[in-house]
Amino acid sequence: MDIPVITVDGPTASGKGTVAQRVAEALQFHYLDSGSLYRLVALQSLEQGVEGEAAAELARLGATLDPRFVGGRVLLDGRDVTDAIRAEPVGVRASQIAVLAPLRAALLDLQKGFRRSPGLVADGRDMGTVVFPKAPLKIFLDASAEERAQRRYKQLKDKDLGVSLRALLESIRERDQRDRSRAVSPLKPADDAVVIDSSSLSIDGVFEQVWQLARSRGLTPDSKKTSKPHSRRRSKKT
Ligand code: CDP
């Protein structure tokens, strides 16, 4: 069983989610937004008053997490929490608890379980380094903190959530620092990852680069003829 995985890692607001979803859709692969799992645990911890770094309790929340991803919505125990997990305080809490090794370990099997035929595109921080270290294509999507703050600001402004650009830039820098400097699964490109700086690229531009890379590694339908190593994997597609 050799189900291909494409990993897309990178810092907050680098556009990795949008790109990963587009690639998954174009390939008709499954999609894992691993950050949503940390956000789900963060939401639960805020709601249940599990404060600070109660590692064992947070790991228990992670181990019993049973989310459903249906048509772009996220359900937790039947409740639609799609918007709730996107709130800024939940993101901040997610980044705080993501430093805890027991929680990360508790979420490992859940994440690996998303690898199903015909393939998976997984986005996060440690998809290429820890969760899917043998993935045939690893992307690390980066962009300057200023550019990412602008993008997030625009997103939130469109939703009419009152935030200031300065506060966002500060929060992004803090989160970067925490994600990159933590001892367990820090945010960094895998040794064999392709680093793409999206600061001056559109989503289409990034998608095109990722697609060409996927193609050159035999992961797209049209690379079937030219590439041998993975062509067998595509044979199930109709
Ligand atoms: O939207 P944003 O990129 O800020 O965050 P996310 O991808 O939804 O993930 C929320 C938080 O979970 C991040 O700030 C990371 O600290 C953490 N995370 C992680 O540690 N490992 C992952 N594979 C995914 C997310």
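Around the ligand there are 20 residues, counting a residue when one of its heavy atoms lies within 4 Å of the ligand, and the closest of them are T12, R39, R104, R175 and D179. I should say at once that this is a predicted model, in which local features need pLDDT of at least 70 and side-chain atom pairs count only at pLDDT 80 or more, while totals for chains, interfaces and linings use all residues. Residues are numbered from 1 along each chain as its sequence is written, and side-chain values use heavy atoms, with hydrogens and water left out.

By class, that shell holds five nonpolar, five polar and 10 charged residues, where Ala, Val, Leu, Ile, Met, Phe, Trp, Tyr, Cys and Pro count as nonpolar, Asp, Glu, Lys and Arg as charged, and the others, Gly among them, as polar.

Turning to individual atoms, a polar side-chain atom of R39 lies 2.6 Å from an oxygen atom of the ligand, and for R175 the corresponding distance to a ligand oxygen is 2.8 Å. On the side of D126, an N or O atom of the side chain is 2.9 Å from a nitrogen atom of the ligand. Of the 510 Å² of accessible area that the ligand has on its own, the protein covers 97%, with areas taken from the Shrake-Rupley method with a 1.4 Å probe. The elements that give two or more residues to the shell are α2 (34-47), α4 (88-97) and α9 (165-181), and α2 gives the most, with four residues.

As for the fold, the protein chain has 10 helices and eight strands, both being DSSP runs numbered from the N terminus, helices of H or I with at least four residues and strands of E with at least two. The radius of gyration, taken over C-alpha atoms, is 18 Å, close to the 18 Å that the globule rule (2.2 Å times the number of residues to the power 0.38) gives for 238 residues, so the chain is as compact as a globular protein of that length. Along the principal axes, the C-alpha atoms fill a box of roughly 55 × 40 × 35 Å.

Two backbone details remain. The peptide bond from S117 to P118 is cis, with omega near 10°, and P118 sits in the loop between α6 (108-112) and β6 (120-124). Q28, which is not a glycine, has a positive phi near 55°, and Q28 belongs to the loop between α1 (16-27) and β2 (30-33). Most residues other than glycine have a negative phi, and most peptide bonds are trans.

Notes
Polar contact = N/O pair within 3.5 Å; in protein donor to acceptor, adjacent residues only side chain to side chain.
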